[in-house]
Amino acid sequence: MGLEETIAVAVEKVDLLRADGIEPYPEHTPPRENVATVLRLFEEGCIEGPIGVAGRLLAKRGHGRLAFGDLVESGAKIQLFLREGTSPQHAMALFGRLDVGDWVWAFGPVVRTRSGEVSIDVQDLRILSKIIRPLPDKWKGFRDQETRYRQRYLDLMVNEESRRTFVQRAAVIRALRDVMDSRGFLEVDTPVLQTLYGGAAARPFTTHHHVLDRELYLRIALELHLKRLLVGGLSKVYEIGKCFRNEGMDRLHNPEFALLEAYEAFSDRDGMMDLAQALLQHTADRVAGTRHISYQGLDIDLDGPFARHSMRDLLMEHAGQDPQDASIDDLTEACVRHGLAELPESPDSAWLVDKLFSLAVEPRLIQPTFVTNHPIEMSPLARPDSADVRTAARFELFVAGRELVNAYSELNEPAEQRRRLEAQRAMGDMGEGYPVDEDFLRALEYGMPPAGGLGLGVDRLVMLLTDQPGIQDVILFPHMRQETARHILQETPDDPIETK
């Protein structure tokens, strides 16, 4: 049958169930235990008497007078077992009317069958939710990556690797919080809707608040509000939250992404290096169980200490350019030679150095590497390095050729910060400008203590620890191009499971 016919048959089954006094979408679920808990307790010999479980029916089998089904809840599977003449007649009758994909509740003693399957010897059975659309093949899963992203609910249902990835994502975030909390940081919330955007060079999403009659922006970073809290006397603060940038999309960039940002009074770039290394190592310990991981065929050693190299030394080694002495023409020629497809009109040296580094150096930084001392023009919120004021007291941490962490000793001198922000605003025609946040500058005038700050890309860290190639693979609902009405109406699952 085609999809429309299959749906029509399923809708008819809903009507027939109701005609027989069976509600296919009941409000209440009878008492139950998690399937994983039942399996564990059974192996420990701690279950006495019958027990209830609930989940999705993902397989049905029949062998003469015997009927079997696989009930799955949160990745844990238990078998349902029914026998004519022994199981209650109403349970046998309802089981025969169930489709693969229905949500059901089953009740009975837990036994082990002759084949060794831990099973519920069903004494009672109820439907909890009737499926209308057929499921994709549980063995082949989704073959179309785009459909997996668009219909993540089906991806999670049939692809165990996908389900495991998002369980591990939650573990990554718990581990990050463990490190921050154990070091005395206070977790806080800052505004997602902001009157000015700042803390990074990016194009924001813009909206309009009708009551206030003013433009608002989705935040592009967490930085400026968190630094206000240092001024207020909260000496260690962090936030794990979503940020939004109205820019390109690729395997490393999604318009909506997760950041951890932390700021510590009386710390500096070196203190943030220690924190960054601790975050990666503790999270690897908790999630991967080892600091020696494999990522897309690369062997990565997170055991440390991580390597440290200046941006200048790396550019001289791999691109043959000294960023402090190279001319605009030299940097432009080097960028083109290393594969830059197009240039903005009248690029400045900071933009070219950044692009050249991403093209010539970043892919070579496989093992964890702290890259330090960026040109000061690339770091408007960082203080100058005391040993070389032409560079910033900053680092970026790269692993597997990708930036994971950006951090620096924070600039806290109000006049210099104003000068930097106004200079950045003048670059707005290149899309790299910052608005001048007068309230942030006013806060600095009340005195911000010396501090270190750090930003960590949560999604990229999850990619690394779950061996996933793209950011879309670790975000439950990544943004996609608009789905056409024709695709929705004529959608056909890959080899749908036969419903019986």
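These are my notebook entries on sheets, helix pairs and one ring pair in a predicted model.

**Entry 1: the seven-stranded sheet**

I started with the open sheet of seven strands, and wrote down its order as β5-β6-β3-β2-β1-β4-β7, with mixed pairing. Which strands stand at the edges? I found β5 (110–112) and β7 (124–129) there, and each has a single partner strand, so one side of each is left without a neighbour in the sheet. I also looked up the twist: on average, neighbouring strands of this sheet are turned by 45° against each other, direction ignored.

Next I picked out one pair inside this sheet. Strand β2 (residues 66–73) pairs with strand β3 (residues 76–83) over eight bridges, in the antiparallel sense. To get my bearings I looked for Gly-69, and it stands opposite Leu-80 in β3.

Then I checked what lies on the sheet. Helix α2 (residues 35–43) packs on it, and the strands it touches are β1 (51–63), β2, β3, β5 and β6 (118–121). The direction of α2 makes about 75° with that of β3.

**Entry 2: the three-stranded sheet**

I moved on to an open sheet of three strands, with antiparallel pairing and the order β9-β11-β10. Here β9 (193–194) and β10 (206–209) are the edge strands, each with a single partner, so each has one side without a neighbour in the sheet. I counted the links too: β10 is joined to strand β11 (residues 214–218) by four bridges, and the two run antiparallel. For His-208, the bridge partner in β11 is Glu-215.

**Entry 3: a hairpin**

How many residues sit between β18 and β19? I noted two, and these strands form a hairpin. Strand β18 (residues 384–385) and strand β19 (residues 388–392) run antiparallel and are joined by two bridges. One marker I can find again is Pro-384, whose bridge partner in β19 is Ala-392.

**Entry 4: two helix pairs**

My reminder to self: two packed helices are described by the angle between their axes and the distance between the axes.

The pair I took up to begin with was helix α10 (residues 328–337) with helix α11 (residues 349–360), whose axes come within 9 Å and cross at roughly 30°. That angle is under 35 degrees, so α10 is roughly parallel to α11. The crossing is left-handed. On the α10 side I listed Ile-328, Leu-331, Thr-332, Ala-334 and Cys-335, which meet Ser-349, Leu-352, Val-353, Lys-355, Leu-356 and Leu-359 in α11. Sorted by class, this contact has eight nonpolar, two polar and one charged residues.

Then I took helix α12 (residues 414–425) and helix α13 (residues 438–445), which pack at an angle of about 160° with their axes 9 Å apart. Since angles over 145 count as roughly antiparallel, that is how α12 and α13 are therefore arranged. α12 passes α13 in a right-handed crossing. Pro-414, Gln-417, Arg-418 and Leu-421 are the α12 residues I wrote down, and they meet Glu-438, Phe-440, Leu-441, Leu-444 and Glu-445 in α13. The class tally for this contact is five nonpolar, one polar and three charged residues.

**Entry 5: aromatic rings**

Last, I looked up ring pairs, and the whole structure gives six aromatic pairs. I followed up Phe-306 and Phe-370: their ring centres are 5.7 Å apart and their planes are at 40°, so the pair is tilted. Where are these two in the chain? Phe-306 is in the loop between β15 (298–301) and β16 (307–310), while Phe-370 is in strand β17 (residues 369–372). They are 64 residues apart, and the pair links distant parts of the chain.

Conventions: Residues numbered from 1 in each chain as written. Predicted model: local features only at pLDDT ≥ 70, side-chain atom pairs only at ≥ 80, totals over all residues. Heavy atoms only, no water. Axes fitted to C-alpha atoms, helices over the stretch in contact; angles between N-to-C directions. Parallel < 35°, antiparallel > 145°, perpendicular 65-115°, else oblique. Left-handed = near helix turned anticlockwise from the far one by under 90°. Contact = heavy atoms within 4.5 Å. Nonpolar A, V, L, I, M, F, W, Y, C, P; charged D, E, K, R; others polar. Pairing = 2+ DSSP bridges. Phe/Tyr/Trp six-rings, centres within 6.5 Å; stacked < 30°, edge-to-face > 60°.
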